Amino acid sequence: MTALPIRGPVRIIGIDPGLRRTGWGVIEADGNRLIYVACGSVEPSGDLPLSSRLLAIHEGLASVLSAHKPVEAAVEQTFVNKDGVATLKLGQARGVAMLAPAMFGISVAEYAPNQVKKTVVGAGHADKNQIAMMLKILLPKAEPPSADAADALAIAITHAHHRQSAALRLKVAGL
């Protein structure tokens, strides 16, 4: 997997992993210009066993990847909370969120939640309302149906702003 050149419009998918709802958002970045493409979420039934929910997330993301054909992907990093079991399960959903684009040959960048907030809002501890307000400014045509879809768009925006340094890190790592 190699990152594509920085010039020209680049289609990016942002993914906000979760077992109940995995948000996704697709944008195009053309220099500093951001263009909204689509967003939504994959929502497996909560009464399914864990393995079936993970499969549903994978199939849903694979469908989105096939339909929108992004060339780069970004996923939010998992933060560790007090409940170790919940963190582990979220990590499994995150693994699926990273696997799906990788299976399409798409490079996957990772961003910490505070980095996403700082990039989009300007403050690392911004709340969901502040993110939603900035999305209306940065992507006026976007109307995310859920907070997870809005977060995924914010992750895609973050990658659009940091992709040059992400591509350099991949090059240095020899990937």
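Among contacts between residues at least 6 apart in sequence, 63% join residues at least 24 apart. That figure, like everything below, comes from a predicted model. The chain runs to 175 residues, and buried ones make up 43% of them. What shows on the outside adds up to about 9,200 Å², with carbon and sulfur atoms supplying 56% of that area.

Now for the layout. There are five helices and five strands, and if you read along the sequence you meet them as β-β-β-α-β-α-β-α-α-α. The five strands make an open sheet with mixed pairing, in the order S3-S2-S1-S4-S5. S3 and S5 sit at the edges with a single partner strand each, so one side of each has no neighbour in the sheet. On average, and ignoring direction, neighbouring strands are turned by 20° against each other.

Let's walk across that sheet, starting with S1. Six of the seven residues of S1 are buried, so this strand is mostly covered. On one flank S1 pairs with S2 in the antiparallel sense, over seven bridges, and a hairpin of five residues links the two. Within that pairing, Val10 stands opposite Ala29 in S2. With S4, S1 runs parallel, and four bridges join the two; Ile15 has Val75 of S4 as its bridge partner.

Just ahead of S1, in the segment before the strand, is Pro9. Is Pro9 buried or exposed? Pro9 counts as exposed because its relative accessibility is 55%, above the 50% cut-off. Setting aside neighbours within four places in sequence, Pro9 touches Glu28, Ala29 and Asp30. The C-alpha atoms of Pro9 and Arg33 are 9.0 Å apart, although the two residues are separated by 24 positions along the chain.

Move on to S2 and look at Thr22, which belongs to this strand (residues 22-30). Thr22 has a relative accessible area of 0%, so it is buried. What does the polar side chain of Thr22 find there? A polar atom of that side chain lies 2.6 Å from the backbone oxygen of Gly18. Leaving out neighbours within four places in sequence, Thr22 is in contact with Ile15, Asp16, Pro17, Gly40, Ser41, Val42, Ile57 and Leu61.

On the other side of S1, S4 carries on to S5, with the two running parallel and joined by five bridges. Glu72 has Ser107 of S5 as its bridge partner, and Ala73 has Val108. In a regular strand, side chains alternate between the two faces of the sheet. You can follow this along S5: Ser107, Ala109 and Tyr111 make up a covered face, while Val108 and Glu110 make up an uncovered one.

Next, the packing. In soluble globular proteins, nonpolar side chains tend to be buried together. Here the largest nonpolar core has 23 residues, and the members that touch the most others are Ile12, Ile27, Leu34, Leu135, Leu139, Leu153 and Ile157. Which elements supply at least two residues each to this core? They are strands S1, S2, S3 and S5, together with helices H3, H4 and H5. H5 gives the most, with eight residues. Leu34 shows how the pieces meet: beyond its neighbours within four places in sequence, Leu34 contacts Ile27, Glu28, Ala29, Leu138, Leu139, Ile157, Ala160 and His161. There is also a second, separate core of 19 residues, and its members include Val42, Val64, Ala73 and Ala93. Two of those names have come up already: Val42 as a contact of Thr22, and Ala73 as the bridge partner of Val108.

One last stop is Lys69, in the loop between helix H1 (50-68) and strand S4 (72-76). Most residues other than glycine have a negative phi. Lys69 is not a glycine, yet its phi is positive, at about 50°. Is Lys69 buried or exposed? With a relative accessibility of 58%, Lys69 counts as exposed.

Definitions and conventions. Residues are numbered from 1 along each chain as its sequence is written. This is a predicted model: local features need pLDDT of at least 70, side-chain atom pairs count only at pLDDT 80 or more; totals for chains, interfaces and linings use all residues. Side-chain values use heavy atoms; hydrogens and water are left out. Buried means under 20% relative accessible area, exposed over 50%, partly exposed in between (1.4 Å probe, protein chains only). A polar contact is a pair of N or O atoms within 3.5 Å; within protein, one must be able to donate a hydrogen and the other to accept it, and residues adjacent in sequence count only if both atoms are side-chain atoms. Contact means heavy atoms within 4.5 Å. A nonpolar core is a set of buried Ala, Val, Leu, Ile, Met, Phe, Trp, Tyr and Cys residues joined through side-chain atoms within 4.5 Å. Two strands pair if DSSP finds at least two bridges between them. Accessible areas come from the Shrake-Rupley method with a 1.4 Å probe; for residues, only the protein chains shown count as cover. Axes are lines fitted to C-alpha atoms, for helices over the stretch in contact, and angles run from 0 to 180 degrees between N-to-C directions.
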